[in-house]
Amino acid sequence: MFHFGDKKYLNYQVEVMSRQVEEVNGIYMTMRGWRHDYHNHLQKLKAHLALGQIEEAEKYLNELEEDLDGIKVKYTTGNVSLDAILNSKLSVAEKEKIHINCKAEVGENLAIADIDLCVIMGNLIDNAVESCRKMPKDAERFLRIYLCIRKQQLYIAVTNSTGEVIRKLDAEYISNKRGDHGHGLKRIDIVVDKYKGYIRRANEPGVFSTEIMLPL
């Protein structure tokens, strides 16, 4: 078992993940509020049109469009915490010109703490983006994510392009990784161990992959 002694780093990471969950919760509340008011919006537009107030109707439509432009949830899994981390992290990956293929459907009620889900996915994606970023600009950069429920277990698979070739994927590999990358690897293993789960890392030419299974 890995022992993680940097409490300041852990507290900081918890705060970051919690903020991301709050952000997406806010997005969901905004969406629900807009849907609730949908009927009122239509009635107001109909009233303007009935009175021949075309400019007023167009102005109102523009205001609604601006309101909706602020709601961008590209990845939906059925779980708010995972939605938060995926939408936050993958938007960064896309800006790095990394090709994203993400398929995730897990449902709302998981027997895994939200913060633990965020720690796993946040660190997996951060590490994958870092690896892609180190590749030559003309190289193919990709990140594939797959999450689902299999036989009462949460299955997580993250695969990314890499220029690294790692011969030994064990505790020594993790301890040799300095900075946030090393901390992230330790945090992932601690959470997997907490739920008595399974983790497998593999490095083949041009590809790094991580598979995790957590009992539900």
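Start by selecting Tyr155 in this predicted model. Tyr155 is buried, with a relative accessible area of 8%. Now add Tyr146 to the selection: at 34% relative accessibility, this residue counts as partly exposed. A search of the whole structure finds 1 aromatic pair. Tyr146 and Tyr155 form that pair, with an edge-to-face arrangement, 6.2 Å from centre to centre and 65 degrees between the planes.

Keep Tyr155 on screen and show Arg150. The charged end of Arg150 sits over the ring of Tyr155, 4.1 Å from the ring centre. For another charge over a ring, go to Lys44 and Tyr60: the charged end of Lys44 lies over the Tyr60 ring, 5.3 Å from its centre.

Return to the stretch that links strand 2 and strand 3, and pick Gln152, which is in the loop between these strands. Gln152 is not a glycine, yet its phi is positive, at about 60 degrees. Most residues other than glycine have a negative phi. With a relative accessible area of 64%, Gln152 is exposed.

Zoom out to the whole chain. The protein chain holds 7 helices and 5 strands. Read from the N terminus on, the order of elements is α-α-α-α-β-α-β-β-α-α-β-β. Of the 216 residues in the chain, 42% are buried. Among contacts between residues at least 6 apart in sequence, 69% join residues at least 24 apart.

Next, colour the largest nonpolar core, which has 34 residues. Which members touch the most others? They are Leu86, Leu90, Met121, Leu143, Ile145 and Ile156. The elements that each supply at least two residues of this core include helix 4 (80-95), helix 5 (114-133) and helix 7 (179-194). Strand 1 (99-104), strand 2 (142-150), strand 3 (153-161) and strand 5 (207-215) also each supply at least two. Helix 5 gives the most, with 9 residues.

Centre the view on Ile145. Leaving aside neighbours within four places in sequence, Ile145 is in contact with Leu86, Leu90, Met121 and Ile125. The contacts of Ile145 also include Asn101, Cys102 and Lys103, as well as Ala157 and Val158.

Select helix 5 by itself. Is this helix largely enclosed or largely open? It is largely enclosed by the rest of the structure, because 15 of its 20 residues are buried. At 1.5 Å a residue, the 20 residues of helix 5 should span 28 Å, and the end C-alpha atoms are 28 Å apart, which agrees.

Move to helix 4, beginning at its start. There, a side-chain oxygen of Asn79 reaches to within 3.1 Å of the backbone nitrogen of Leu82. The 16 residues of helix 4 should span 22 Å at 1.5 Å a residue; the end C-alpha atoms are 23 Å apart, which agrees. Now show the side chains. The buried residues of helix 4 include Leu82, Ala84, Ile85, Leu86, Leu90 and Ala93. Ser81, Asp83, Asn87 and Lys89 are also among the buried residues of this helix. Just after helix 4, stop at Lys97, where phi is positive, at about 65 degrees.

Go on to Glu105, in the loop between strand 1 and helix 5. Glu105 is exposed, with a relative accessible area of 65%. Draw a distance from Glu105 to Gly78: the two are 27 residues apart in sequence and 6.2 Å apart in space, C-alpha to C-alpha. With neighbours within four places in sequence left aside, Glu105 is in contact with Thr77, Leu147, Cys148 and Ile149.

Then select Ser209, which is in strand 5. Ser209 is buried, with a relative accessible area of 17%. Not counting residues up to four places away in sequence, Ser209 touches Val158, Thr159, Arg200, Arg201 and Ala202.

The last stop is Lys196, in the loop between helix 7 and strand 4 (198-204). Is Lys196 buried or exposed? Lys196 is exposed, with a relative accessible area of 73%. Phi of Lys196 is near 55 degrees, a positive value in a residue other than glycine.

Key: Residues are numbered from 1 along each chain as its sequence is written. This is a predicted model: local features need pLDDT of at least 70, side-chain atom pairs count only at pLDDT 80 or more; totals for chains, interfaces and linings use all residues. Side-chain values use heavy atoms; hydrogens and water are left out. Rings of Phe, Tyr and Trp (its six-membered ring) pair if their centres lie within 6.5 Å; planes under 30 degrees apart count as stacked, over 60 as edge-to-face and the rest as tilted. Buried means under 20% relative accessible area, exposed over 50%, partly exposed in between (1.4 Å probe, protein chains only). A charge sits over a ring if NZ of Lys or CZ of Arg is within 6 Å of the ring centre and within 35 degrees of the ring normal. A nonpolar core is a set of buried Ala, Val, Leu, Ile, Met, Phe, Trp, Tyr and Cys residues joined through side-chain atoms within 4.5 Å. Helices (H or I, at least four residues) and strands (E, at least two) are DSSP runs, numbered from the N terminus. Contact means heavy atoms within 4.5 Å. The expected span of a helix is 1.5 Å times one less than its number of residues. A polar contact is a pair of N or O atoms within 3.5 Å; within protein, one must be able to donate a hydrogen and the other to accept it, and residues adjacent in sequence count only if both atoms are side-chain atoms.
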